[in-house]
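Open the model and keep the sequence beside it. The walk below goes from a single serine out to the packing around it and beyond.

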Amino acid sequence: IQSHMDGQSAAAAAAAIRLIKVCGRTYRKAATTQRTDGNSGASPQPAPWADFDDEPACAAGPPPQEEEEGEAAAAVDAREAGDDSGLTCAEVTSGAGGFTCALAVPEVYLKFLDTRERRGAGAAAATAAARIEQETRTSVALLFAPKKIAVPVPVPVTVPQTQHTQLETQGQQGKKLHITITSRSPPPAAAAAAAAVAASPTTPPPPAEAPKPTHNVIIKGQTEGSVVAAKTRIEMLLGSITPKLPYTHFISIPLNFEPFSSNIAGFAKELNANFMTCRGMDPSIICSPNSIHLTVAMLRLYSDFLVEKAAALLRELAPRVYDLLNTRSQVVRLEGLEYMNDDPSEVDVMFVKVFPVNDRLSAVCDFLVEKFYEAALVLPQEREKVKLHATLINTRFRELTEDSAIRQQVKDARHAHNGGVAQRRERITFDARPLLAKHSGHSFGEARIGRIEISKRGATDPNTQYWPAAAFINLP
């Protein structure tokens, strides 16, 4: 199984093996159960192996007590196999109502478990959790974090004061006209009272947001084996979903220091001044000098457990990194522009080429990718040699115009059945030919790199204007 799990994580393969252990122990028990034809003297006959895929034959196999013993033994095998997926943290407990397993699943995965989909023509739509309940004869409860409810602030009510003004004027044909003008304004006393109430410290503040539940998937069943089987199927489902999710972190080598930062800032001014007439060029797609970096690997860390696991692994590998670098400083030179596709008139990403002084830095990057892959933090399809580059222009950061925003909303609506996962934003390429004609060999200087980080995407450190670091190791 592990050698044929192309595109899946090692954790998914391990979960598949654990599920086969659970099913195999139960089927093996059913196959060796002695049956009688109602006559005490009849010879026992084992269930035929050919009937294993026949659900009624399996269901009629072992007596309830023996089935429970087989499932319990399979559950012990599953626990001994261990769980390195990092997606759930659970242990099966027993009580008066049966067995219970409480999982801590990242919130983003709950949407997949609760998304209805139809399988096959004429089949009724059902959620993934409901299908697991039916297949394992358990109950699966999903506990979503309570949404924050905005409490309206009470507005003091003031009673307006009415004033009447009588006017008398001369109308046509000498007739007298009496006009009454009515005006309303809050009395001074009422206005002062309202201000006092608004400023009063006794005004109750809005309630704080309720804490998210520690365990948000609760599995209950009559046997321990059925609960373990449901847990394993959930793990396998979440393992198959992970490649579809956007990245949350990445292993980076920051370059946000001199002389790179000032040289890149000057180059950005050159782009804004002389190349905004190029088709598709926009200031929003130019990367900030404070965020320039080398990317080693992209990570999907959707739980605190996985973040801590990745951080601990990076710190653990620090001595090996020093050995690979021979405890020497690493100097890199940034020079020359390159793009990631074959057509310079339709470019999405433009980067600066990186030239290390030796091959040790590339060896360190490949070593980190391999170790994070072995820890099931990098997917097999993303386990490849690192091509060192520093991204300078990326159309993914383009600020959407009104027209493109509407198209993006339509695109998101068409993919709503994917469980609410954010879709890839529509990209608009730019024409890089004028830029390459003038600056293809532009040099941004050279400097010593100082550290390797696990950086969090979607946030900014207020002190450095770089991505916040979940962990880092300093380089010699």
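Start with S455. Setting aside neighbours within four places in sequence, S455 is in contact with T248, H249, F250, S252, Y466, W467 and P468. Bear in mind that this is a predicted model.

Where does S455 sit? Its place is in strand β15, which covers residues 451–456. Is S455 buried or exposed? Its relative accessibility is 0%, so S455 counts as buried; the cut-off for buried is under 20%. Its side chain has polar partners. One polar contact, of 2.8 Å, runs to the side chain of S252. Another, of 3.4 Å, joins the side chains of S455 and E453. S252 also appears among the contacts of S455 listed above.

Now turn to the nonpolar packing. In soluble globular proteins, nonpolar side chains tend to be buried together. Here the largest nonpolar core has 63 residues. Which residues have the most contacts inside it? They are I251, L255, L337, L368, F372, I393 and I452. Helix α11 gives this core its largest share, seven residues.

Take I251 as a way in. Beyond its neighbours within four places in sequence, I251 is in contact with L294, T295, V296, A297, L299, L368, F372, I452, E453 and I454. Three of these names, L368, F372 and I452, are also on the list of residues with the most contacts inside the core. E453 is on the I251 list too, and the side chain of E453 is joined to that of S455 by the 3.4 Å polar contact.

A second, separate core has 20 residues. C101, I132, I219 and V227 are among them.

I132 leads to a helix pair. Helix α5 (residues 128–136) and helix α7 (residues 224–241) pack at an angle of about 145 degrees. Their axes are 10 Å apart. The crossing is right-handed. From α5, the contact is made by A128, I132, E135 and T136. From α7, it is made by S226, A229, A230, R233, I234 and L237.

Charged pairs come next. How many salt bridges does the structure hold? There are 12. Three of them are worth following in the viewer.

In one, the side chains of R279 and E346 meet at 3.4 Å, N to O. R279 lies in the loop between α8 (260–274) and β10 (293–299), and E346 in the loop between β11 (331–339) and β12 (349–356), so the pair ties together parts that are 67 residues apart in sequence. R279 has 40% relative accessibility, so it counts as partly exposed. E346 is partly exposed as well, at 36%.

Next, E382 forms a salt bridge with R300, with the closest N and O atoms 3.1 Å apart. This pair also links distant parts of the chain, 82 residues apart. E382 is in the loop between α11 (360–374) and β13 (389–394). R300 is in the loop between β10 and α9 (304–316). Is R300 buried or exposed? At 13% relative accessibility, R300 counts as buried.

The last pair is local. E374 forms a salt bridge with K371, the closest N and O atoms being 3.6 Å apart. Both lie in helix α11, three residues apart, about one turn of the helix. E374 is partly exposed, with a relative accessible area of 48%. K371 is partly exposed too, at 24%. Helix α11 is also the source of seven residues of the 63-residue core.

Technical notes:
Residues numbered from 1 in each chain as written. Predicted model: local features only at pLDDT ≥ 70, side-chain atom pairs only at ≥ 80, totals over all residues. Heavy atoms only, no water. Helix = DSSP H or I, 4+ residues; strand = E, 2+ residues; numbered from the N terminus. Buried < 20%, exposed > 50% of the residue type's maximum accessible area, 1.4 Å probe, protein only. Polar contact = N/O pair within 3.5 Å; in protein donor to acceptor, adjacent residues only side chain to side chain. Contact = heavy atoms within 4.5 Å. Salt bridge = Lys/Arg side-chain N within 4 Å of Asp/Glu carboxyl O. Core = buried A, V, L, I, M, F, W, Y, C linked by side-chain atoms within 4.5 Å. Axes fitted to C-alpha atoms, helices over the stretch in contact; angles between N-to-C directions. Left-handed = near helix turned anticlockwise from the far one by under 90°.
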